[in-house]
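Here are my notes on this model, as numbered points. Please read them with the structure open.

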Protein chains: 2
Amino acid sequence: MKLSDLIEQYILDFFKENEMVELKRSELANKFNCVPSQINYVISTRFIPELGFYVESRRGGGGYIKICRTNLNRSDYISDIIDKISQNLSQTTLDVYLNDFVRYNILNKKTANIVRVALSDKSLAKVDKYDRDLVRSDMLKNIIVNII
Amino acid sequence: MKLSDLIEQYILDFFKENEMVELKRSELANKFNCVPSQINYVISTRFIPELGFYVESRRGGGGYIKICRTNLNRSDYISDIIDKISQNLSQTTLDVYLNDFVRYNILNKKTANIVRVALSDKSLAKVDKYDRDLVRSDMLKNIIVNII
DNA sequence: ATGATATAATAGTCAAAGAAAGTCAAAGTT
DNA sequence: AACTTTGACTTTCTTTGACTATTATATCAT
(Lines give C-alpha, C1' and ligand atoms only; values in the text may rest on other atoms or scores of the structure.)
Protein backbone atom coordinates (compact mmCIF):
# COMPACT_ATOMS: atom_id res chain seq x y z
CA MET A 1 0.00 0.00 0.00
CA LYS A 2 1.09 3.51 -0.71
CA LEU A 3 2.55 5.66 1.97
CA SER A 4 -0.16 8.26 1.55
CA ASP A 5 -2.80 5.61 2.02
CA LEU A 6 -1.13 4.39 5.18
CA ILE A 7 -1.03 7.84 6.63
CA GLU A 8 -4.65 8.41 5.68
CA GLN A 9 -5.64 5.20 7.39
CA TYR A 10 -3.65 6.04 10.47
CA ILE A 11 -5.47 9.34 10.83
CA LEU A 12 -8.86 7.86 10.04
CA ASP A 13 -8.38 5.31 12.78
CA PHE A 14 -8.43 8.08 15.34
CA PHE A 15 -11.82 9.14 14.14
CA LYS A 16 -13.26 5.82 15.15
CA GLU A 17 -12.84 6.90 18.74
CA ASN A 18 -12.88 10.62 18.40
CA GLU A 19 -14.47 13.59 16.73
CA MET A 20 -11.20 15.38 16.47
CA VAL A 21 -7.61 14.52 15.87
CA GLU A 22 -4.72 16.68 16.83
CA LEU A 23 -1.33 15.82 15.54
CA LYS A 24 2.15 17.13 15.23
CA ARG A 25 3.19 17.25 11.63
CA SER A 26 6.84 16.54 12.23
CA GLU A 27 6.18 13.69 14.63
CA LEU A 28 3.88 12.04 12.17
CA ALA A 29 6.34 12.54 9.36
CA ASN A 30 8.90 10.93 11.57
CA LYS A 31 6.75 7.97 12.38
CA PHE A 32 6.24 7.35 8.69
CA ASN A 33 9.73 8.27 7.74
CA CYS A 34 8.83 10.90 5.24
CA VAL A 35 9.19 14.59 4.71
CA PRO A 36 6.75 16.74 6.63
CA SER A 37 5.10 18.11 3.55
CA GLN A 38 3.86 14.63 2.77
CA ILE A 39 1.46 15.08 5.63
CA ASN A 40 0.11 18.17 3.95
CA TYR A 41 -0.35 16.21 0.78
CA VAL A 42 -2.37 13.56 2.51
CA ILE A 43 -4.51 16.09 4.27
CA SER A 44 -5.18 18.13 1.18
CA THR A 45 -6.13 15.17 -0.94
CA ARG A 46 -8.11 13.20 1.62
CA PHE A 47 -9.34 15.31 4.45
CA ILE A 48 -11.18 17.75 2.31
CA PRO A 49 -13.90 20.19 3.30
CA GLU A 50 -16.34 18.58 0.88
CA LEU A 51 -16.42 15.59 3.15
CA GLY A 52 -16.94 17.63 6.24
CA PHE A 53 -13.40 17.75 7.45
CA TYR A 54 -12.02 21.01 8.49
CA VAL A 55 -8.47 21.51 9.43
CA GLU A 56 -6.88 24.08 11.59
CA SER A 57 -3.31 24.44 12.53
CA ARG A 58 -0.77 26.54 14.21
CA ARG A 59 2.89 27.04 13.53
CA GLY A 60 5.66 27.86 15.90
CA GLY A 61 6.50 26.29 19.21
CA GLY A 62 3.79 23.91 20.30
CA GLY A 63 2.32 23.98 16.84
CA TYR A 64 -0.19 21.40 15.73
CA ILE A 65 -2.58 20.28 13.04
CA LYS A 66 -6.10 19.66 14.14
CA ILE A 67 -8.54 17.80 11.94
CA CYS A 68 -12.18 17.89 12.87
CA ARG A 69 -15.21 16.54 11.23
CA THR A 70 -18.48 18.26 11.37
CA ASN A 71 -20.76 15.73 12.80
CA LEU A 72 -23.74 16.04 10.55
CA ASN A 73 -26.57 13.65 10.76
CA ARG A 74 -27.35 11.62 7.73
CA SER A 75 -30.06 13.79 6.24
CA ASP A 76 -28.13 17.02 6.70
CA TYR A 77 -25.16 15.39 5.14
CA ILE A 78 -27.15 14.31 2.13
CA SER A 79 -28.69 17.67 1.57
CA ASP A 80 -25.33 19.38 1.84
CA ILE A 81 -23.27 17.07 -0.23
CA ILE A 82 -24.70 17.81 -3.65
CA ASP A 83 -23.63 21.40 -3.53
CA LYS A 84 -20.21 20.42 -2.41
CA ILE A 85 -19.47 17.96 -5.15
CA SER A 86 -17.68 20.06 -7.64
CA GLN A 87 -18.23 20.02 -11.36
CA ASN A 88 -15.16 17.86 -11.78
CA LEU A 89 -14.91 14.54 -10.05
CA SER A 90 -11.84 12.40 -10.56
CA GLN A 91 -11.87 8.70 -10.04
CA THR A 92 -9.69 9.08 -6.99
CA THR A 93 -11.87 11.69 -5.38
CA LEU A 94 -14.94 9.63 -6.12
CA ASP A 95 -13.39 6.88 -4.05
CA VAL A 96 -12.96 9.24 -1.17
CA TYR A 97 -16.62 10.23 -1.43
CA LEU A 98 -17.86 6.69 -1.65
CA ASN A 99 -16.04 5.69 1.49
CA ASP A 100 -17.75 8.55 3.20
CA PHE A 101 -21.14 7.51 1.90
CA VAL A 102 -20.68 4.10 3.38
CA ARG A 103 -19.77 5.70 6.66
CA TYR A 104 -22.95 7.72 6.65
CA ASN A 105 -25.01 4.71 5.63
CA ILE A 106 -26.08 6.39 2.45
CA LEU A 107 -24.91 3.46 0.43
CA ASN A 108 -24.00 0.02 1.60
CA LYS A 109 -20.65 -1.41 0.69
CA LYS A 110 -21.91 -3.48 -2.17
CA THR A 111 -23.80 -0.65 -3.78
CA ALA A 112 -20.93 1.74 -3.31
CA ASN A 113 -18.78 -0.70 -5.15
CA ILE A 114 -21.22 -0.93 -8.00
CA VAL A 115 -21.17 2.83 -8.29
CA ARG A 116 -17.41 2.83 -8.15
CA VAL A 117 -17.23 0.38 -11.00
CA ALA A 118 -19.90 2.07 -13.05
CA LEU A 119 -18.22 5.44 -12.83
CA SER A 120 -14.66 4.23 -13.24
CA ASP A 121 -12.41 5.45 -16.00
CA LYS A 122 -12.59 2.01 -17.46
CA SER A 123 -16.35 2.16 -17.83
CA LEU A 124 -16.05 5.66 -19.17
CA ALA A 125 -13.32 4.78 -21.62
CA LYS A 126 -15.41 5.86 -24.58
CA VAL A 127 -16.14 9.24 -23.09
CA ASP A 128 -13.83 12.00 -24.18
CA LYS A 129 -11.00 12.07 -21.72
CA TYR A 130 -11.57 15.67 -20.82
CA ASP A 131 -15.24 15.11 -20.13
CA ARG A 132 -14.94 12.12 -17.87
CA ASP A 133 -14.67 14.03 -14.64
CA LEU A 134 -17.65 16.16 -15.62
CA VAL A 135 -19.77 13.16 -16.45
CA ARG A 136 -18.76 11.39 -13.27
CA SER A 137 -19.82 14.39 -11.29
CA ASP A 138 -23.22 14.50 -13.00
CA MET A 139 -23.74 10.84 -12.38
CA LEU A 140 -22.91 11.00 -8.72
CA LYS A 141 -25.14 14.00 -8.21
CA ASN A 142 -28.00 12.28 -9.91
CA ILE A 143 -27.52 9.25 -7.76
CA ILE A 144 -27.65 11.29 -4.62
CA VAL A 145 -30.67 13.26 -5.69
CA ASN A 146 -32.36 10.01 -6.32
CA ILE A 147 -31.56 8.59 -2.94
CA ILE A 148 -33.27 11.41 -1.16
CA MET B 1 3.40 -19.88 -28.72
CA LYS B 2 2.94 -16.17 -29.02
CA LEU B 3 4.16 -13.84 -26.37
CA SER B 4 0.67 -12.52 -25.76
CA ASP B 5 -0.56 -16.04 -25.23
CA LEU B 6 2.21 -16.73 -22.76
CA ILE B 7 1.37 -13.65 -20.79
CA GLU B 8 -2.28 -14.53 -20.88
CA GLN B 9 -1.51 -18.00 -19.60
CA TYR B 10 0.71 -16.64 -16.87
CA ILE B 11 -2.07 -14.44 -15.60
CA LEU B 12 -4.67 -17.13 -15.95
CA ASP B 13 -2.56 -19.45 -13.83
CA PHE B 14 -3.03 -17.16 -10.88
CA PHE B 15 -6.74 -17.61 -11.16
CA LYS B 16 -6.41 -21.29 -10.40
CA GLU B 17 -5.64 -20.27 -6.85
CA ASN B 18 -7.27 -16.92 -6.66
CA GLU B 19 -10.25 -14.83 -7.67
CA MET B 20 -8.14 -11.76 -8.06
CA VAL B 21 -4.74 -10.91 -9.41
CA GLU B 22 -2.87 -7.75 -8.73
CA LEU B 23 0.14 -7.04 -10.81
CA LYS B 24 2.65 -4.39 -11.62
CA ARG B 25 2.69 -3.69 -15.28
CA SER B 26 6.37 -2.90 -15.49
CA GLU B 27 7.40 -5.93 -13.45
CA LEU B 28 5.42 -8.21 -15.67
CA ALA B 29 6.77 -6.58 -18.79
CA ASN B 30 10.17 -7.15 -17.38
CA LYS B 31 9.58 -10.78 -16.66
CA PHE B 32 8.50 -11.32 -20.24
CA ASN B 33 11.06 -9.01 -21.64
CA CYS B 34 8.64 -6.89 -23.52
CA VAL B 35 7.46 -3.31 -23.54
CA PRO B 36 4.93 -2.43 -20.87
CA SER B 37 2.22 -1.62 -23.32
CA GLN B 38 2.20 -5.23 -24.37
CA ILE B 39 0.56 -5.95 -21.06
CA ASN B 40 -2.19 -3.52 -21.95
CA TYR B 41 -2.65 -5.28 -25.21
CA VAL B 42 -3.04 -8.64 -23.55
CA ILE B 43 -5.47 -7.28 -21.01
CA SER B 44 -7.57 -5.41 -23.50
CA THR B 45 -7.88 -8.35 -25.84
CA ARG B 46 -8.22 -11.18 -23.32
CA PHE B 47 -9.36 -9.98 -19.95
CA ILE B 48 -12.58 -8.36 -21.03
CA PRO B 49 -15.99 -8.29 -19.39
CA GLU B 50 -17.37 -10.56 -22.08
CA LEU B 51 -15.06 -13.21 -20.72
CA GLY B 52 -15.94 -12.44 -17.14
CA PHE B 53 -13.08 -10.23 -16.15
CA TYR B 54 -13.14 -6.93 -14.45
CA VAL B 55 -10.01 -4.79 -14.51
CA GLU B 56 -9.05 -1.76 -12.54
CA SER B 57 -5.82 0.11 -12.20
CA ARG B 58 -4.08 3.06 -10.77
CA ARG B 59 -1.19 5.14 -12.01
CA GLY B 60 1.48 6.92 -10.09
CA GLY B 61 3.67 5.70 -7.31
CA GLY B 62 2.41 2.39 -5.99
CA GLY B 63 0.29 1.91 -9.08
CA TYR B 64 -1.12 -1.45 -10.02
CA ILE B 65 -3.38 -3.38 -12.33
CA LYS B 66 -5.97 -5.52 -10.68
CA ILE B 67 -7.86 -8.18 -12.56
CA CYS B 68 -10.86 -9.85 -10.99
CA ARG B 69 -12.59 -12.83 -12.40
CA THR B 70 -16.19 -13.78 -12.28
CA ASN B 71 -17.06 -17.33 -12.72
CA LEU B 72 -19.47 -16.89 -15.53
CA ASN B 73 -20.24 -20.58 -15.56
CA ARG B 74 -21.77 -20.22 -12.18
CA SER B 75 -24.62 -18.48 -13.82
CA ASP B 76 -25.60 -19.19 -17.37
CA TYR B 77 -28.11 -16.45 -17.07
CA ILE B 78 -25.46 -13.84 -16.48
CA SER B 79 -23.15 -14.99 -19.21
CA ASP B 80 -26.09 -14.94 -21.57
CA ILE B 81 -26.83 -11.40 -20.59
CA ILE B 82 -23.33 -10.23 -21.15
CA ASP B 83 -23.35 -11.77 -24.56
CA LYS B 84 -26.63 -10.13 -25.31
CA ILE B 85 -25.67 -6.68 -24.20
CA SER B 86 -24.31 -5.52 -27.43
CA GLN B 87 -22.08 -2.55 -27.93
CA ASN B 88 -25.14 -0.39 -27.76
CA LEU B 89 -27.40 -0.20 -24.77
CA SER B 90 -30.30 2.20 -24.82
CA GLN B 91 -31.91 3.54 -21.73
CA THR B 92 -35.00 1.53 -22.46
CA THR B 93 -33.17 -1.72 -22.92
CA LEU B 94 -31.23 -1.07 -19.76
CA ASP B 95 -34.53 -0.82 -17.92
CA VAL B 96 -35.54 -4.19 -19.20
CA TYR B 97 -32.35 -5.74 -17.95
CA LEU B 98 -32.60 -4.06 -14.60
CA ASN B 99 -36.11 -5.33 -14.06
CA ASP B 100 -34.87 -8.80 -14.84
CA PHE B 101 -32.04 -8.41 -12.39
CA VAL B 102 -34.45 -7.51 -9.66
CA ARG B 103 -36.66 -10.42 -10.54
CA TYR B 104 -33.71 -12.79 -10.40
CA ASN B 105 -32.46 -11.29 -7.18
CA ILE B 106 -29.23 -10.19 -8.71
CA LEU B 107 -29.84 -6.65 -7.57
CA ASN B 108 -32.31 -5.37 -5.08
CA LYS B 109 -34.76 -2.71 -6.09
CA LYS B 110 -32.92 0.13 -4.51
CA THR B 111 -29.61 -0.71 -6.08
CA ALA B 112 -31.18 -1.31 -9.46
CA ASN B 113 -32.67 2.11 -9.24
CA ILE B 114 -29.35 3.68 -8.44
CA VAL B 115 -27.86 2.02 -11.48
CA ARG B 116 -30.78 3.17 -13.57
CA VAL B 117 -30.24 6.74 -12.50
CA ALA B 118 -26.49 6.61 -12.84
CA LEU B 119 -26.69 5.36 -16.40
CA SER B 120 -29.61 7.49 -17.49
CA ASP B 121 -29.43 9.89 -20.37
CA LYS B 122 -29.70 12.67 -17.87
CA SER B 123 -26.56 11.59 -16.08
CA LEU B 124 -24.89 11.17 -19.41
CA ALA B 125 -26.00 14.54 -20.70
CA LYS B 126 -22.44 15.69 -21.26
CA VAL B 127 -21.58 12.61 -23.27
CA ASP B 128 -22.00 12.95 -26.98
CA LYS B 129 -25.49 11.78 -27.79
CA TYR B 130 -24.25 9.16 -30.21
CA ASP B 131 -21.87 7.70 -27.67
CA ARG B 132 -24.26 7.32 -24.79
CA ASP B 133 -25.43 3.86 -25.64
CA LEU B 134 -21.86 2.70 -26.06
CA VAL B 135 -20.87 4.06 -22.70
CA ARG B 136 -23.93 2.62 -21.04
CA SER B 137 -23.06 -0.75 -22.42
CA ASP B 138 -19.52 -0.61 -21.04
CA MET B 139 -20.80 0.47 -17.68
CA LEU B 140 -23.36 -2.26 -17.37
CA LYS B 141 -20.94 -4.94 -18.45
CA ASN B 142 -18.47 -3.83 -15.87
CA ILE B 143 -21.13 -3.72 -13.22
CA ILE B 144 -22.31 -7.19 -14.02
CA VAL B 145 -18.96 -8.87 -13.92
CA ASN B 146 -18.27 -7.06 -10.74
CA ILE B 147 -21.35 -8.01 -8.79
CA ILE B 148 -21.33 -11.71 -9.29
C1' DA C 1 9.39 45.03 35.08
C1' DT C 2 8.85 46.34 30.06
C1' DG C 3 9.44 46.40 25.53
C1' DA C 4 12.40 45.14 21.65
C1' DT C 5 14.92 41.80 19.29
C1' DA C 6 16.81 37.43 18.22
C1' DT C 7 16.33 32.44 18.03
C1' DA C 8 14.23 28.18 17.75
C1' DA C 9 10.41 25.45 16.70
C1' DT C 10 6.83 24.65 14.04
C1' DA C 11 3.70 24.45 9.95
C1' DG C 12 2.70 25.96 4.82
C1' DT C 13 3.63 26.35 -0.23
C1' DC C 14 5.00 25.21 -4.53
C1' DA C 15 7.40 23.29 -8.08
C1' DA C 16 10.47 19.63 -9.61
C1' DA C 17 11.50 14.86 -9.73
C1' DG C 18 9.89 10.18 -9.55
C1' DA C 19 6.96 6.26 -10.29
C1' DA C 20 3.72 4.17 -12.21
C1' DA C 21 0.02 3.14 -15.93
C1' DG C 22 -2.48 4.56 -20.52
C1' DT C 23 -2.76 5.72 -25.56
C1' DC C 24 -2.04 5.39 -30.18
C1' DA C 25 -0.16 4.57 -34.35
C1' DA C 26 3.59 2.49 -36.94
C1' DA C 27 5.98 -1.64 -38.00
C1' DG C 28 6.20 -6.56 -38.04
C1' DT C 29 3.98 -11.40 -38.43
C1' DT C 30 0.97 -14.95 -39.79
C1' DA D 1 -6.55 -8.80 -43.39
C1' DA D 2 -6.06 -9.65 -38.80
C1' DC D 3 -3.35 -9.95 -35.01
C1' DT D 4 0.93 -8.79 -32.39
C1' DT D 5 4.89 -6.16 -31.02
C1' DT D 6 7.18 -1.93 -30.21
C1' DG D 7 8.10 2.68 -28.68
C1' DA D 8 7.38 7.54 -28.27
C1' DC D 9 4.51 10.38 -25.90
C1' DT D 10 0.80 11.45 -22.25
C1' DT D 11 -1.55 11.43 -17.90
C1' DT D 12 -2.07 10.58 -13.15
C1' DC D 13 -0.59 10.36 -8.63
C1' DT D 14 3.17 10.55 -5.07
C1' DT D 15 7.38 11.96 -2.91
C1' DT D 16 10.87 15.22 -1.92
C1' DG D 17 13.07 19.46 -0.73
C1' DA D 18 14.06 24.26 -0.83
C1' DC D 19 12.10 28.25 0.65
C1' DT D 20 8.57 30.95 3.36
C1' DA D 21 5.51 32.23 7.27
C1' DT D 22 4.14 32.14 11.93
C1' DT D 23 4.47 31.57 16.86
C1' DA D 24 6.68 30.95 21.32
C1' DT D 25 10.48 31.66 24.09
C1' DA D 26 14.80 33.46 25.45
C1' DT D 27 17.72 37.39 25.82
C1' DC D 28 18.90 42.05 26.15
C1' DA D 29 18.58 47.01 26.87
C1' DT D 30 16.19 50.57 29.48
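1. Start at Phe101(B) in this predicted model. Beyond its neighbours within four places in sequence, Phe101(B) contacts Tyr77(B), Ile81(B), Ile106(B) and Leu107(B). Leu140(B) and Ile144(B) are also in contact with Phe101(B).

2. The largest nonpolar core has 71 residues. Phe101(B) is among the members that touch the most others, along with Leu107(B) and Leu140(B). From chain A, Ile67(A), Phe101(A) and Leu140(A) belong to that group too. Helix α7 of chain B, residues 132–147, gives this core its largest share, 7 residues.

3. A second core is separate and holds 17 residues. Ile11(B), Phe15(B), Phe53(B) and Val55(B) are among them. As background, nonpolar side chains tend to be buried together in soluble globular proteins.

4. Now the DNA. Which residues come nearest to strand C? Of the 28 around it, they are Asn40(A), Gly60(A), Arg25(B), Asn40(B) and Ser57(B). By class, this surface has 16 polar, 8 charged and 4 nonpolar residues.

5. Both chains supply this surface. In chain A, α2 (25–31), α3 (36–46), β2 (53–58) and β3 (64–69) each give at least two residues. In chain B, α2 (25–31), α3 (36–46), β2 (53–58) and β3 (64–69) do likewise.

6. Check the polar contacts. A polar side-chain atom of Ser57(A) sits 3.0 Å from a phosphate oxygen of DNA strand C. For the side chain of Ser57(B), the distance from an N or O atom to a phosphate oxygen of strand C is 2.9 Å. Gly60(A) instead places a backbone N or O atom 2.9 Å from a base oxygen of that strand. Of the strand C atoms within 4 Å of the protein, 62% belong to sugar or phosphate, and the rest to bases.

Note on methods: Residues are numbered from 1 along each chain as its sequence is written. Chains are lettered from A and ligands numbered from 1 in the order in which they are written. This is a predicted model: local features need pLDDT of at least 70, side-chain atom pairs count only at pLDDT 80 or more; totals for chains, interfaces and linings use all residues. Side-chain values use heavy atoms; hydrogens and water are left out. A nonpolar core is a set of buried Ala, Val, Leu, Ile, Met, Phe, Trp, Tyr and Cys residues joined through side-chain atoms within 4.5 Å. Buried means under 20% relative accessible area, exposed over 50%, partly exposed in between (1.4 Å probe, protein chains only). Helices (H or I, at least four residues) and strands (E, at least two) are DSSP runs, numbered from the N terminus. Contact means heavy atoms within 4.5 Å. A residue is near a molecule or strand if one of its heavy atoms lies within 4 Å of it. A polar contact is a pair of N or O atoms within 3.5 Å; within protein, one must be able to donate a hydrogen and the other to accept it, and residues adjacent in sequence count only if both atoms are side-chain atoms. Ala, Val, Leu, Ile, Met, Phe, Trp, Tyr, Cys and Pro count as nonpolar, Asp, Glu, Lys and Arg as charged, and the others, Gly among them, as polar.
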